[in-house]
Amino acid sequence: MGEAAQAKLDGQRKAPAAQDIYDVIIIGSGPAGYTAAIYAARANLRTLVLQGEETGGQLMITSEVENYPGFAEGVLGPDLMDTFEAQAKRFGATLLPRNVTKVDFSAQPFTLWTDEESYRAQAVIVATGASAKWLGLPNEQRLQKRGVSACATCDGFFFRGKEVAVVGGGDTAMEEALFLTRYATQVHLLHRRDTFRASKIMQERVRNNPKITIHYNTAVEDVLGEDSVTGLAILDVVTGERQTLPVQGLFVAIGHQPNTDIFKGILDMDAIGYLRTYKHTMTNVPGVFAAGDVDDARYRQAVTAAGEGCRAAIDAERWLEARGEVDPAVVSDPRDYGELHAPTSEIGVGA
Ligand code: NDP
């Protein structure tokens, strides 16, 4: 590469001041956000990640991650996210631990505000994730990573040979309970009412599984244990009877809340708040893309979120190129930049 071309690349990689216009701003710093940053920065897009004040997403509250490919021996959630972050930095992404409080997607460049400053970008990738809902019990947070979890796929393995409880009456609770029967000797499914809202087929599977005991009309009042979970204080909401249920694990499965409050009325979302995407990862606003749990109520895995972050960055890059916002001399892949403007019926053929 000649000196002039290298100087141009270096110039593009330099972090612009706050009032400069970025090619892409990524909101969020979980697997989706960081992967989008790795791809966008490596494609020489001027990339800013507004990470949120609590960086790293849901894996920061997970202990061992054993199902992320590439780590044969497993990896601690926070260590994995440190690695993601370092990789994004390596390619020149600017990372700021700030919460986005407001956005204006009505005109380009888009404007995003934090408490301190505003930032502008030609494209935005929303990777704000979803948060598991918790019960709000006195000792629930203290015993997280010590027996309290909101993800059976992530943590179920650690309960081999133990007795556990799942709270909830929706499809997630049914799925978590069924999944946990692979490891636990007994799974107690605790639901606050006497009917489930889960689909009939899932209810049937749960009822037919001899390892699952259903406790209707049951509320959890607290999690017991000093260093790890030893039981639950439960209440029969009909009889008023209180007792201790001796279990070593509590899986809270009362739903997830996508972090989309600041996009209400701006980006299309479903009744729960999950973002809708139309052309690949693009939302209803051209130039605004979504990746990860914020638009995925189904898989919710670090690896699927990372995959979506990659897709969103490639879509953003192609979209910017199609709009002539990026110098074609420095984009990484000269193919198909007009694809996002093709009629839907043509999209995906041969992709
Ligand atoms: P849901 O909102 O469907 O269910 C939440 C459950 O948690 C309800 O039973 C609710 O009780 C209970 N709950 C809520 N708050 C509390 C609380 N504070 N204390 C005790 N219990 C509480 O969430 P899901 O995550 O189960 O499902 C979300 C969506 O994703 C649904 O549309 C579901 O069908 C879908 N999904 C589909 C799957 C599949 O197809 N395989 C798998 C997982 C989810 P109550 O009923 O009394 O309100």
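Colleague: Let's start with a pair of strands: how many bridges join β1 to strand β2 (residues 47-50)?

Modeller: There are 4 bridges between β1 and β2, and the two strands run parallel. Two strands pair if DSSP finds at least two bridges between them, so β1 and β2, with 4, are a pair. One place to look is Val24, which stands opposite Thr47 in β2. Keep in mind that this is a predicted model, in which local features need pLDDT of at least 70, side-chain atom pairs count only at pLDDT 80 or more, and totals for chains, interfaces and linings use all residues. Residue numbers start from 1 along each chain, following the sequence as written.

Colleague: What runs parallel to β1 with 6 bridges?

Modeller: Strand β8 (residues 118-126) is joined to β1 by 6 bridges. Ile25 has Val124 in β8 as its bridge partner. In general, strands of a sheet pair through backbone hydrogen bonds, either parallel or antiparallel.

Colleague: What makes strand β1 (residues 21-27) "mostly covered"?

Modeller: In β1, 6 of the 7 residues are buried. A residue is buried if 20 or more other C-beta atoms lie within 10 Å of its own, exposed if 12 or fewer, and partly exposed in between, with C-beta atoms placed from the backbone. Over the 351 residues of the protein chain, 42% count as buried.

Colleague: Why does Gln203 count as partly exposed?

Modeller: Gln203 has 17 C-beta neighbours inside 10 Å, so it falls between the limits for exposed and buried. Gln203 sits in helix α6 (residues 200-207). Leaving out residues up to four places away in sequence, Gln203 touches Met174, Phe196 and Ala198; "touching" here is contact, with C-beta atoms, placed from the backbone, within 7 Å. The C-alpha atoms of Gln203 and Gly169 are separated by 9.1 Å, although these residues are 34 apart along the chain.

Colleague: How many helices and strands does the protein chain have?

Modeller: The chain has 7 helices and 19 strands. Both are DSSP runs numbered from the N terminus: helices are H or I with at least four residues, strands are E with at least two.

Colleague: Why are β14 (218-224) and β16 (242-245) said to stand at the edges?

Modeller: The open sheet has the order β14-β15-β16, with antiparallel pairing. β14 and β16 each have a single partner strand, so one side of each has no neighbour in the sheet. From one strand to the next, the twist averages 30°. β14 is joined to β15 by 6 bridges, one pair being Val223 and Leu232. These two strands form a hairpin with 6 residues between them, and Gly225 in the turn has a positive phi of about 135°. On the other side, 4 bridges join β15 (residues 231-236) to β16, where Arg242 is the partner of Leu235.

Colleague: Which strands form the open sheet with parallel pairing?

Modeller: Its 5 strands come in the order β10-β17-β11-β12-β13. β10 (148-149) and β13 (212-215) are the edge strands, each pairing on one side only. Between β11 (residues 163-167) and β12 (residues 186-190) there are 5 bridges, and Ala165 stands opposite His188 in β12. Helix α5 packs on this sheet, touching β11, β12, β13 and β17 (249-252), and its direction makes about 170° with that of β11. Such angles run from 0 to 180 degrees between N-to-C directions, and axes are lines fitted to C-alpha atoms, for helices over the stretch in contact.

Colleague: Where does the largest share of the shell around the ligand come from?

Modeller: Helix α5 (residues 171-180) gives 4 residues, the largest share. Of the 15 residues around the ligand, Gly169, Gly170, Thr172, Ile254 and Gly255 come nearest; a residue is near a molecule or strand if its C-beta atom, placed from the backbone, lies within 6 Å of it. The shell has 5 nonpolar, 5 polar and 5 charged residues. Ala, Val, Leu, Ile, Met, Phe, Trp, Tyr, Cys and Pro count as nonpolar, Asp, Glu, Lys and Arg as charged, and the others, Gly among them, as polar.

Colleague: At what angle do the axes of helix α2 (residues 31-42) and helix α7 (residues 302-322) cross?

Modeller: The axes cross at roughly 40° and come within 7 Å. The crossing is right-handed, meaning the near helix is turned clockwise from the far one by less than a right angle; anticlockwise would be left-handed. The residues of this contact divide into 14 nonpolar, 3 polar and 2 charged.

Terms used: Contact = placed C-beta atoms within 7 Å.
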